[in-house]
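Reader: Please take one part of this structure and go through it closely, residue by residue where that helps. I would like the sheet and what packs around it, in one connected account.

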Amino acid sequence: MNAWTVQRLARVEVRDTGPGIPHDARKGIFECYTQVDGAAREGLGLGLFISRAILAAHMGRIWVESRPEAGSTFVFVLPAIDPELMPPAPVDL
């Protein structure tokens with residue numbers, strides 16, 4: 001995982017070394033209950049859908065970059081906030 005700020009955006013990249021995601025399946029993977037054909041059917045196909053919704057609620061964006069047999073990189077960006085504008089951390093009671 002890599003993270004940095006670029007032009008007032010916080011950018012995070014998460015890479016894997018799996019089989020990659022076919023080009024025609026990339027757009028749909030962020031839809032509810034979607035799984036790529038041939039993938040292990042362990043989940044419900046909600047994780048990327050929920051991730052996209054959370055990021056959208058915070059004015060962010062998520063996408064995937066992938067090549068067959070070369071893994072995938074999931075990238076998301078959020079508006080960066082000046083640390084001095086952040087509210088103070090909650091106090092533990």
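Author: The model is predicted. A starting point is Phe30, which counts as buried because its relative accessibility is 7%. Phe30 belongs to the largest nonpolar core, a set of seven residues that also holds Ile21, Ile29, Leu55, Ile62, Val64 and Phe74. In soluble globular proteins, nonpolar side chains tend to be buried together.

Two members of that core also form an aromatic pair, and a search of the whole structure finds one such pair. The ring centres of Phe30 and Phe74 lie 6.5 Å apart and the ring planes stand at 75°, so the pair is edge-to-face; the angle cut-off for that class is over 60 degrees. The pair links distant parts of the chain, with the two positions 44 residues apart in numbering: Phe30 sits in the loop between strand S2 (9-15) and helix H1 (47-57), and Phe74 in strand S4 (residues 72-79).

Another core member, Ile62, has contacts to Phe30, Ser51, Arg52, Leu55, Val75 and Phe76 when residues up to four places away in sequence are not counted. Two of these partners, Phe30 and Leu55, are listed with Ile62 in the core.

Next, the sheet. Four strands form an open sheet in the order S1-S2-S4-S3, and the pairing is antiparallel. S1 and S3 are at the edges with a single partner strand each, so one side of each has no neighbour in the sheet. On average, neighbouring strands of this sheet are turned by 20° against each other, direction ignored. In a regular strand the side chains alternate between the two faces of the sheet.

The pairing can be followed strand by strand. Strand S1 (residues 2-6) runs antiparallel to S2, and five bridges join the two. Within this pairing, Asn2 stands opposite Glu13 in S2. The hairpin of S1 and S2 has two residues between the strands, and Gln7 there takes a positive phi near 45°. S2 also pairs with S4, again in the antiparallel sense, over seven bridges. On that side, Ala10 has Leu78 in S4 as its bridge partner, and Arg15 has Thr73 in S4.

Two residues of the sheet, Glu13 and Ala3, offer opposite cases of accessibility. Glu13 lies in strand S2. Its relative accessible area is 7%, so Glu13 is buried. The side chain of Glu13 is joined to that of Arg11 by a polar contact of 2.8 Å. Leaving out residues up to four places away in sequence, Glu13 touches Met1, Asn2, Trp4, Thr73, Phe74 and Val75. One of these, Asn2, is the residue opposite Glu13 in the S1 and S2 pairing, and another, Phe74, is part of the aromatic pair.

Ala3 is in strand S1, and a relative accessibility of 55% means that Ala3 counts as exposed. Apart from neighbours within four places in sequence, Ala3 is in contact with Arg11 and Val12. The C-alpha atoms of Ala3 and Val14 are separated by 8.9 Å, the two residues being eleven apart along the chain.

Thr73 lies in strand S4. It counts as buried because its relative accessibility is 12%. Thr73 is the bridge partner of Arg15, and the side chains of Thr73 and Arg15 also make a polar contact of 3.5 Å. Not counting residues up to four places away in sequence, Thr73 touches Glu13, Val14, Arg15, Trp63, Val64 and Glu65. Of these contacts, Val64 is one of the core residues.

Two positions in the loops complete the picture. Tyr33 is in the loop between S2 and H1, the loop that also holds Phe30. Tyr33 has a positive phi of about 65° although it is not a glycine. With a relative accessible area of 59%, Tyr33 is exposed, whereas Phe30 is buried. Met59 is placed in the loop between H1 and strand S3 (61-66). Met59 is likewise not a glycine, and has a positive phi of about 60°. Met59 is exposed, its relative accessible area being 68%.

Notes
Residues are numbered from 1 along each chain as its sequence is written. This is a predicted model: local features need pLDDT of at least 70, side-chain atom pairs count only at pLDDT 80 or more; totals for chains, interfaces and linings use all residues. Side-chain values use heavy atoms; hydrogens and water are left out. Rings of Phe, Tyr and Trp (its six-membered ring) pair if their centres lie within 6.5 Å; planes under 30 degrees apart count as stacked, over 60 as edge-to-face and the rest as tilted. Buried means under 20% relative accessible area, exposed over 50%, partly exposed in between (1.4 Å probe, protein chains only). A polar contact is a pair of N or O atoms within 3.5 Å; within protein, one must be able to donate a hydrogen and the other to accept it, and residues adjacent in sequence count only if both atoms are side-chain atoms. Contact means heavy atoms within 4.5 Å. Two strands pair if DSSP finds at least two bridges between them. A nonpolar core is a set of buried Ala, Val, Leu, Ile, Met, Phe, Trp, Tyr and Cys residues joined through side-chain atoms within 4.5 Å. Axes are lines fitted to C-alpha atoms, for helices over the stretch in contact, and angles run from 0 to 180 degrees between N-to-C directions.
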